[in-house]
Amino acid sequence: MKIDEGISNPIHPHHKLKLEYTEIPFNCDGCKEAGIGLKYSCRRCEFDLHKACAMPSPTITHPFYKKCEFQFNYRPPGQHMRICDACRNDVLGFVYHCKRCDFDLHPCCANLPQVLDDGEHNLYLCFKLSSSCHHCGGKGPGWSYRSQCKSYNLHVACVKELLVESWQAMYLNADKNRVREIQTRIPSLSGKLRNHHGGRGGKVKKCCQMAGGAVRLIVSAILGDPTAIIGAAVAGFMSMSK
């Protein structure tokens, strides 16, 4: 039986980090973004890293930026606030940066799968929205996931915003009224699709059947664990029966 001796990381050199699995959200001490699922952790110091932040590639490319080469940085380059070009959130820690084009990507955003497959349906990562986001109603910049039927778009940024608020309400404030309020704002894919299609026939039913698994897949990927649909925690976030 192989013993997990852990890995070392330059920003936490004193103790080895062990691979763990959690359904309780955590804040990554590398990129400063929310995470769930697989993480590298030091229990002595309460130090956690996304898997993508714990073992980053020195340089990466991305199909959305064909002329770019992104280099991994332990801190944002320069003196000014940086913004992730995928999710439009501030860059506060680890980041992939292209010097030539001045683009930035959070490590988890850089590793978002191009296609998410829940076994029956596909969701496609898109550079630009083809139609309005079903949460904010806008077509602003930032990546999104689009349903296979091309009828549902959801900004990566919108999912992050709702998840962080829900996380804070559920795990930090323990305010049940606030939890209930936040949960009603989590995008309900089935309801949005029904409105989008105008209630027409079998296409609506087919699209709505993929709702729960689709949103859970998006959440799982954004939080740094694209290989699994996180059960209990994601169910708590989504609360899609509201």
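Is K160 buried or exposed? Keep that in mind while you find your way around; this is a predicted model, and we'll come back to the lysine shortly.

**Stop 1: the sheet.** Start by selecting residues 7-9 and 47-50, which are strands β1 and β4. These are the edge strands, and each of them pairs on one side only. Now add what sits between them: the sheet is open, has 4 strands, and runs in the order β1-β2-β3-β4 with antiparallel pairing. Turn the view a little and look for the twist, which averages 55° from one strand to the next.

**Stop 2: the β2-β3 pair.** Select residues 12-27 for β2 and residues 34-42 for β3. The two strands pair in the antiparallel sense over 7 bridges. If you want one spot to zoom in on, pick T22, whose bridge partner in β3 is G37.

**Stop 3: K160 and E33.** Stay where you are and select E33, in the loop between β2 and β3. Then show the side chain of K160, and you'll find the two meeting in a salt bridge, 2.7 Å from N to O. K160 belongs to helix α3 (residues 156-173), so this pair ties together parts that are 127 residues apart in sequence. As for the opening question, K160 is buried, with a relative accessible area of 7%. E33 is buried as well, at 13%; for reference, the cut-off for buried is under 20%.

**Stop 4: R82 and its two aspartates.** The structure holds 6 salt bridges, and R82 takes part in the next ones on the tour. Select R82 in strand β7 (residues 82-83), then D102 in the loop between β9 (95-98) and β10 (103-105). The closest N and O atoms of R82 and D102 are 2.6 Å apart, in a salt bridge. Since they are 20 residues apart in sequence, the bridge ties together separate parts of the chain.

Now add D104, in strand β10. Its side chain meets that of R82 in another salt bridge, at 2.7 Å from N to O, and here the parts tied together are 22 residues apart in sequence. With R82, D102 and D104 all on screen, you're looking at a network of salt bridges.

Which of these residues is partly exposed? Switch on a surface and check D102: with a relative accessible area of 43%, D102 is partly exposed. R82, at 14% relative accessibility, counts as buried, and D104 is buried too.

Notes:
Residues numbered from 1 in each chain as written. Predicted model: local features only at pLDDT ≥ 70, side-chain atom pairs only at ≥ 80, totals over all residues. Heavy atoms only, no water. Pairing = 2+ DSSP bridges. Axes fitted to C-alpha atoms, helices over the stretch in contact; angles between N-to-C directions. Salt bridge = Lys/Arg side-chain N within 4 Å of Asp/Glu carboxyl O. Buried < 20%, exposed > 50% of the residue type's maximum accessible area, 1.4 Å probe, protein only.
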